[in-house]
Amino acid sequence: MNILLLGSGGREHAMARNIAESPNCTKLFIAPGNAGTALLPKSQNVDINPTNFPAVRDFISQQQITMLVVGPEAPLVEGITDYMAQEPSMSDVMVIGPSQQGAQLEGSKDFAKHFMQQHNIPTAAYKTFTADTLNDGIAFLHTLKAPYVLKADGLAAGKGVLILDNLAEAEQELKNMLQGKFGAASTKVVIEEYLSGVELSVFVLTDGKHYQILPTAKDYKRIGEGDTGLNTGGMGSISPVHFADKQFMQKVEERIVIPTIKGLHDDKISYKGFIFIGLMAVMDDKGERNPYVIEYNVRMGDPETESVFPRIKSDMVELFKRTWLGRLNQATLDIDPRTAACVMMVAGGYPEHYEKGHVITGLDKVEGSIVFHAGTKLDADGQVVTNGGRVLCVTSLADSMPSALLKSYQELSKIQWEDRYYRRDVGQDLLKMMI
C-alpha cells in the first residue's frame, strides 16, 4: 500500500524507518520530511505543510494513498482526522491519529486534568486560571509549597511548562504567561502541586477499545548537563527504563492505561492512535514507586521515538491496520530486549537563537548505530545541512545501558558541523540509580 506520514522531525524519521521496512508498504511519502527520510528506501519527501488539510487530501487522492499516519500534534489538535472523516473521497483512508476531541488531551492541559479527575486517574492536584482570575491564581500559589509548577494550557512546542523555586518569581511568571508569554497557548494557565520523583514516558497504541503498551523511555528536557538551563524539545532518551519493572508496569496498566482507554470509550471520544503518558514515579512511605500522570500527549514523543521504535521488531504497518480496524487485541508486539540510547545533537544557541545552513560532515563514517535526522535538509548541491535547533540524534542498541551510551557517544563524535552541542550526561541519572 501507499502510505503518507506527516512530519519532519527525528520522530518521523524513526517512524518512517520502521514503516518502510514493512512488506505492507509499497511506497512511503513523508510530508515534508528531512534529509534523513529522503534517503530511506521506498521513500520520498513531499513539500506539503501537515496543517494544510486540503493539500494533504489532494495528495492522498493523486497518489492513491491507503494509510495516513500523523506524526506531530499540531495537525491532530487542528482536526485532521475529523477533516478526513468528513471528506467523502477519503472514507477508505486509514487515518492513524485521534479525533480533534481526543487530541484535546494534549491540546488543553485543563481538558486533560479534568479528564483524569473525572476518571480517577492519579495526577497532581491543580487549578486553572485566566487573566480575569489572576489574583485567585496568586492566592492559590500561596497555598502551595515550592517548587511551583505553571503550565500553559495550549500547545507551546514543549516549552510551556515552568518549574520555579521562588514564590515571587512564580507570581511574576503567572502574570507573564497570562499576558501572552506563550501566545494563545497561555490564555489559560494550569497551576499544580509539584510531584517529586523520577520521570518516565509510557506509550500506548490504541484502537479506542483495545491497546498495546509499547516500550518505556526516559527523555532529557533541559539544555544543560545535570538537568539545568532552559527546557528543550528533548536532548536524548533511554529505552527501557530499568525501574519500570513488571510490578511497576502492572500499576501503570491498572491505574492509568485501562482507566484512560475506558474513559475515552465512555466519553464517546474517537481515538485510533498513540497516547504518550508522561509519568512521575513517586516513592511512597513503604519505599515503593507509584505512577502519577504529569501529562498526556496524543502522538509519540520526540526524542523517545528514536529509542523506542528501533526496539519494535513487529510490522508497524500491520499494527496500524489492526488499529484502524479495531482489532489491536489480535496483534502481537515483538520487542528487542536490548537497551537503546539516543543522544541528540543540536545547533549552538538552541533553544534560543541559533544558525541554520551549516554543512554536516562525517555521517558516512558512523558504523553500527542509527542516525536519525531532525532539523536537516539537502542543499542545492545535495549536501546535508542544518535546518533547525535539534539537528540529529545517534541511537545505539546494546545489551546494557553503559554499552549503548558508549557506542552512541563514540559514533556521534564522528559527526561535525560548526557550533554543534550535545549533553554528555544522558542516562547518567539512571545509571546511578542502578548502582
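Which residue in β22 does M345 stand opposite? The answer is L392, and the views below show where that pairing fits in this predicted model.

**View 1. Strand β22 pairs with two other strands, β18 and β19.**
Let us start where the opening question pointed. Strand β18, residues 339-347, pairs with β22 through eight bridges, and the sense is antiparallel. Here M345 faces L392 of β22. Strand β19, residues 370-373, also runs antiparallel to β22 and is joined to it by four bridges. Look for V371, whose bridge partner in β22 is V394. Strand β22 itself covers residues 390-398, and eight of its nine residues are buried.

**View 2. Five parallel strands make an open sheet.**
Reading across this sheet, the order is β3-β2-β1-β4-β5. Its edges are formed by β3 (43-45) and β5 (94-96), each of which pairs on one side only. From one strand to the next, the twist averages 20 degrees. Strand β4, residues 65-70, runs parallel to β5, and three bridges join the two. One spot to find is M67, which has M94 in β5 as its bridge partner. Helix α11, residues 316-325, lies across β1 (2-7), β4 and β5, and runs at about 105 degrees to β5.

**View 3. Two phenylalanine rings, F274 and F320, meet edge-to-face.**
The model holds ten aromatic pairs. In the pair shown here, the ring centres of F274 and F320 are 5.9 Å apart and the planes stand at 85 degrees. F274 belongs to strand β16 (residues 273-283) and F320 to helix α11, so the pair ties together parts that are 46 residues apart in sequence. Are these two rings buried or exposed? F274 is buried, with a relative accessible area of 4%, and F320 is buried as well, at 0%. Ring pairs also bring in F309, giving a cluster of F274, F309 and F320.

**View 4. Four antiparallel strands make another open sheet.**
The strand order here is β11-β10-β16-β17. The strands β11 (211-213) and β17 (289-297) stand at the edges with a single partner strand each, so one side of each is left without a neighbour in the sheet. On average, neighbouring strands are turned by 35 degrees against each other, direction ignored. Eight bridges join β16 to β17, and these strands run antiparallel. Among the residues to look for is F276, whose bridge partner in β17 is N297. Helix α9 packs on the sheet and touches β10 (198-206), β11, β16 and β17, with its direction at about 35 degrees to that of β17.

**View 5. The largest nonpolar core has 76 residues.**
Which residues have the most contacts inside this core? They are L4, L68 and I277. Helix α9, residues 246-266, supplies the largest share of the core, with seven residues. Apart from this core lies another, of 40 residues, which includes C25, F274, C342 and V346. Back at I277, and leaving aside neighbours within four places in sequence, the residues in contact are L200, S201, V202, V204, I256, V257, V293, E295 and Y296. As a general point, nonpolar side chains tend to be buried together in soluble globular proteins.

**View 6. Two arginines, R289 and R424, sit over aromatic rings.**
R289 lies over the face of F243, 4.8 Å from the ring centre. At Y422, the charged end of R424 sits over the ring, 4.7 Å from its centre.

**View 7. A hairpin joins β13 and β14.**
Strand β13, residues 222-224, and strand β14, residues 228-231, run antiparallel and are joined by two bridges. R222 has N231 of β14 as its bridge partner. Three residues lie between the strands of this hairpin, where G226 takes a positive phi near 75 degrees.

**View 8. K181 sits in a loop between α8 and β9.**
This loop runs between α8 (167-178) and β9 (188-192). K181 is partly exposed, with a relative accessible area of 40%. Leaving aside neighbours within four places in sequence, K181 is in contact with L162, E173, N176 and S186. The C-alpha atoms of K181 and I80 are separated by 27 Å, and these residues are 101 apart along the chain.

Conventions: Residues numbered from 1 in each chain as written. Predicted model: local features only at pLDDT ≥ 70, side-chain atom pairs only at ≥ 80, totals over all residues. Heavy atoms only, no water. Pairing = 2+ DSSP bridges. Axes fitted to C-alpha atoms, helices over the stretch in contact; angles between N-to-C directions. Contact = heavy atoms within 4.5 Å. Phe/Tyr/Trp six-rings, centres within 6.5 Å; stacked < 30°, edge-to-face > 60°. Buried < 20%, exposed > 50% of the residue type's maximum accessible area, 1.4 Å probe, protein only. Lys NZ or Arg CZ within 6 Å of the ring centre and 35° of its normal. Core = buried A, V, L, I, M, F, W, Y, C linked by side-chain atoms within 4.5 Å.
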